[in-house]
Amino acid sequence: MTFYKLTTNEGWDLYTGCTINYRTLLESSEKAKVKGIRAEYLKLCSDQVLHASEKPRDCFTGQSREKNGLDKLAMFEVVGSVVVSDDKKSGFRELTVVRELATNEWQRLVYEEGFQQRLVEGRKLI
């Protein structure tokens, strides 16, 4: 199954900051991996999993870096084995980057009337 990963425009993970670059991983064919795995600690919002979503729209959480504008973001298709999930996001120990979506492609997948305004206001996106 394909999942979607939202990053900075440069390809950096929004959650780990400047530790995982999905564009670089795509170019090198290396996998994104969690460092220092603790098997007993499998929470979705933790440093023990990488996040991705089945639907491109579910990648958005209202995080401050998302509010800088859609032109400051990029989106990648990724695959991996889910270890924990909720109704919007899934957590993985490692991800393989399949491809980067063109900006107009991923924006079309997530766009609806009022989307940009809700993002700027920090309101729930769905």
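This report walks through the fold, the cores, the hollow spaces and three single residues of a predicted model.

## Overall fold

The chain has three helices and seven strands. Along the sequence they follow the pattern β-α-β-β-β-β-β-β-α-α. The chain holds 126 residues, and buried residues make up 44% of them.

Contacts often span long stretches of sequence. Take the contacts between residues at least 6 apart: 66% of these join residues at least 24 apart.

## Two nonpolar cores

In soluble globular proteins, nonpolar side chains tend to be buried together. Here the largest nonpolar core has 14 residues. Which of them touch the most other members? They are Tyr 22, Ala 32, Leu 50, Val 78 and Leu 95. Four elements give two or more residues to this core: α1, β3, β4 (73-79) and β7 (94-100). The most come from β4, which gives three residues.

Tyr 22 shows how this core is knit together. Setting aside neighbours within four places in sequence, Tyr 22 is in contact with Ala 32, Leu 50, Val 78 and Leu 95, among others. Its other partners include Lys 5, Thr 7, Phe 76 and Val 97. Another core lies apart from the one around Tyr 22. This other core has eleven residues, including Tyr 4, Leu 14, Leu 70 and Leu 73.

## A cavity and a pocket

The structure holds one cavity of 30 Å³ or more. The volume of this largest cavity is about 70 Å³. Residues in its lining include Tyr 4, Leu 14, His 51, Cys 59 and Glu 66. Both β1 and β3 supply at least two lining residues. The largest share is from β1, with three residues. By class, the cavity lining has six nonpolar, two polar and three charged residues.

The largest pocket holds about 180 Å³ of space. Its lining is made of 13 residues. Nearest its centre lie Thr 16, Thr 19, Ile 20, Asp 47 and Leu 50. Leu 50 is also one of the residues that touch the most other members of the largest core. The pocket lining divides into five nonpolar, four polar and four charged residues.

## His 51: in a strand, beside the cavity

His 51 sits in strand β3 (residues 50-52). Is His 51 buried or exposed? Its relative accessibility is 8%, so His 51 counts as buried. His 51 also helps to line the largest cavity. Beyond its neighbours within four places in sequence, His 51 is in contact with Lys 5, Tyr 15, Leu 44, Cys 45, Ser 46, Lys 89, Ser 90 and Leu 95. Among these partners, Lys 5, Tyr 15 and Lys 89 line the cavity too.

## Asn 21: just ahead of a helix

Asn 21 lies in the loop between β1 (3-8) and α1 (22-28). Asn 21 counts as buried because its relative accessibility is 11%. Its side chain reaches the backbone nitrogen of Arg 23 at 3.0 Å. A polar atom of that side chain also lies 2.9 Å from the backbone nitrogen of Thr 24. Both Arg 23 and Thr 24 fall within α1 (22-28). Leaving out residues up to four places away in sequence, Asn 21 touches Glu 10, Gly 11 and Trp 12.

## Ser 29: an exposed loop residue

Ser 29 lies in the loop between α1 and β2 (31-33). Ser 29 is exposed, with a relative accessible area of 65%. What is the phi of Ser 29? It is near 65 degrees, a positive value in a residue other than glycine. Most residues other than glycine have a negative phi.

Terms used:
Residues numbered from 1 in each chain as written. Predicted model: local features only at pLDDT ≥ 70, side-chain atom pairs only at ≥ 80, totals over all residues. Heavy atoms only, no water. Buried < 20%, exposed > 50% of the residue type's maximum accessible area, 1.4 Å probe, protein only. Contact = heavy atoms within 4.5 Å. Polar contact = N/O pair within 3.5 Å; in protein donor to acceptor, adjacent residues only side chain to side chain. Core = buried A, V, L, I, M, F, W, Y, C linked by side-chain atoms within 4.5 Å. 1 Å grid on protein atoms, 1.4 Å probe; cavity = no way out; pocket = protein on both sides within 12 Å on 5 of 7 lines; lining within 4 Å. Points joined across faces, edges and corners; volume = space filled by probe spheres on them. Nonpolar A, V, L, I, M, F, W, Y, C, P; charged D, E, K, R; others polar.
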